[in-house]
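Please work through the exercises below with the sequence and the 3D view side by side, and try each task before reading its solution.

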Amino acid sequence: MTGATDAVGLVFRTEFGRAVALVTRVLGDIDLAEDAVQDAYATAVARWPVDGVPDNPRAWIVTVARNRAIDRLRRRRALHAHTEELARRVEVEMSPYDNAEDDAIPDERLRLMFTCCHPALAPEAQVALTLRLVAGLTVPEIARALLSSEPAVAQRLVRAKRKLRVAGVPFRMPLDQDVPDRLAIVLSVIYLVFNEGYVATAGDELRRDDIAAEAIRLCRVLTALMPDEVEAVALLALMLLHDSRR
């Protein structure tokens, strides 16, 4: 029982943002994607202790999230005529990942990060939304990281997602000319994620190596895609220096 529960927690930390990003790419709706992925993890909490941890947890989470998204869309059918077509699109585009190996499932987290850091949002909303959707931090963890209250962070997240939806912000990488303005906040978010891992604000452990490793991984992605961005390279070097001391 404990092993399965621990496995859910580990997969949540490592795969939550990736699953949200993948479902968002297909749906174009961050709010619905987050709800579907949360449903998938709730199902895992109930089933994995009974059925055992699946051989491919990532594919299992993505498949269940897809099915939950389809269920939610079809419940909306009476209100929105286009939802049935969107449900079919989700089914078609995500079916190849049902039993796919890890490397075959695309990683859309970088695109999600830049979407969360869209200039339509205030900087504090950009940080909170990215910590929630990409890194999978909880509202209490975000509140501690930002030295804010939990109700304030929860409201900030609700308003940020609503603003992205109302403004019709596309889920994509920014145009080349827009990258510099968006990169600074992305780097700030990555460093906040690393800080939460380097000196944990919750739990029994002083460090949370999985979160620190995720921040380093995201920064490696940035530096691979943007090798000429010296600030990204400098941040990666700084985090690797601190991480080596653990």
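Two exercises on a helix and its surroundings follow, each with a worked solution.

The model is predicted, so local features need pLDDT of at least 70 and side-chain atom pairs count only at pLDDT 80 or more, while totals for chains, interfaces and linings use all residues. Residues are numbered from 1 along each chain as its sequence is written, and side-chain values use heavy atoms, with hydrogens and water left out.

**Exercise 1.** Compare the expected span of helix H8 with the distance between its end C-alpha atoms.

Solution. Helices are DSSP runs (H or I, at least four residues), numbered from the N terminus, and H8 covers residues 150-167, which is 18 residues. The expected span is 1.5 Å times one less than the number of residues, which gives 26 Å for H8, and this agrees with its end C-alpha atoms, which are 26 Å apart. After the helix comes glycine 168, whose phi is positive, near 65 degrees.

**Exercise 2.** Determine which residues of H8 are buried, and what they pack against.

Solution. Buried means under 20% relative accessible area and exposed means over 50%, with partly exposed in between (1.4 Å probe, protein chains only). By this rule Val153, Arg156, Leu157, Ala160, Lys161 and Leu164 are buried. Seen down the helix axis, the buried residues fall within an arc of 125 degrees, so they line one face of H8; the arc is taken from the directions from the axis to the C-beta atoms. On the other side, Pro151 and Val166 are exposed. Finally, the buried residues pack (contact means heavy atoms within 4.5 Å) against helices H2, H5, H6 and H7.

Conventions. Helices (H or I, at least four residues) and strands (E, at least two) are DSSP runs, numbered from the N terminus.
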